[in-house]
Amino acid sequence: QVQLVESGGGLVQPGGSLRLSCAASGSIFSIKNVGWYRQAPGKQRELVATITSGSSTNYTDSVKGRFTISRDNAKNTVYLQMNSLKPEDTAVYYCRADIRTSPWTLLGYWGQGTQVTVSS
C-alpha cells in the first residue's frame with residue numbers, strides 16, 4: 001500500500017511564500033514522475049508543475065519564475081516552493097506520483113490535497 005501526504009498549505013498574504021511537501025510512504029520500489037496540481041472553486045483541476053525521476057522540470061506559464069518543484073529521493077518527498085503568491089493561486093493543491101511498487105508494477109497515486117489561500 002502506498003500513501004501520498006501533502007502538507008505546508010495555509011493562509012498567506014499576497015507576495016508571500018509557502019513550501020508544500022508531498023511525502024510518499026509504504027511499499028515503494030521507485031518513484032518516477034511527480035506532478036503538482038491545483039483546483040480552485042468552480043474550476044477544473046490544472047497541472048502546475050512536474051518533475052521527472054531525473055529531476056527535469058516543467059511549469060505552467062502562470063507560475064513560471066515564481067514556483068519551483070524539487071525532490072529529495074532519499075526522503076521520497078517532492079516539494080513545491082511558491083514565491084510571490086497571488087490571490088489567483090488560491091486553490092487546493094494535490095500531488096500525483098507514478099510509483100513502482102515492484103520492478104513490474106507502475107501505478108499512479110494521488111494525495112488528499114492541501115489548501116492554499118492567498119488573501120490580505
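Here are some questions and answers about the salt bridges and nonpolar core of this predicted model.

Residues are numbered from 1 along each chain as its sequence is written. In this predicted model, local features need pLDDT of at least 70 and side-chain atom pairs count only at pLDDT 80 or more, while totals for chains, interfaces and linings use all residues, and side-chain values use heavy atoms, leaving out hydrogens and water.

User: How many salt bridges does the structure hold?
Analyst: Side chains of opposite charge can pair when their charged atoms come close. A salt bridge here is a side-chain nitrogen of Lys or Arg within 4 Å of a carboxyl oxygen of Asp or Glu. The number in the structure is five.

User: Is R38, the partner of E46 in a salt bridge, buried or exposed?
Analyst: The N to O distance between the side chains of E46 and R38 is 2.6 Å. Buried means under 20% relative accessible area, exposed over 50%, and partly exposed in between (1.4 Å probe, protein chains only). E46 has 31% and is partly exposed. With a relative accessible area of 5%, R38 is buried.

User: Which residue forms a salt bridge with D61?
Analyst: D61 counts as exposed, at 61% relative accessibility. Its closest N and O atoms to the partner are 3.0 Å apart, and that partner is K64.

User: Which strand gives the most to the largest nonpolar core?
Analyst: Such a core is a set of buried Ala, Val, Leu, Ile, Met, Phe, Trp, Tyr and Cys residues joined through side-chain atoms within 4.5 Å. This one has 28 residues, and L4 and W36 are among those touching the most other members. Strands are DSSP runs (E, at least two residues), numbered from the N terminus. With five residues, the strand giving the most is β9.

Technical notes
Helix = DSSP H or I, 4+ residues; strand = E, 2+ residues; numbered from the N terminus.
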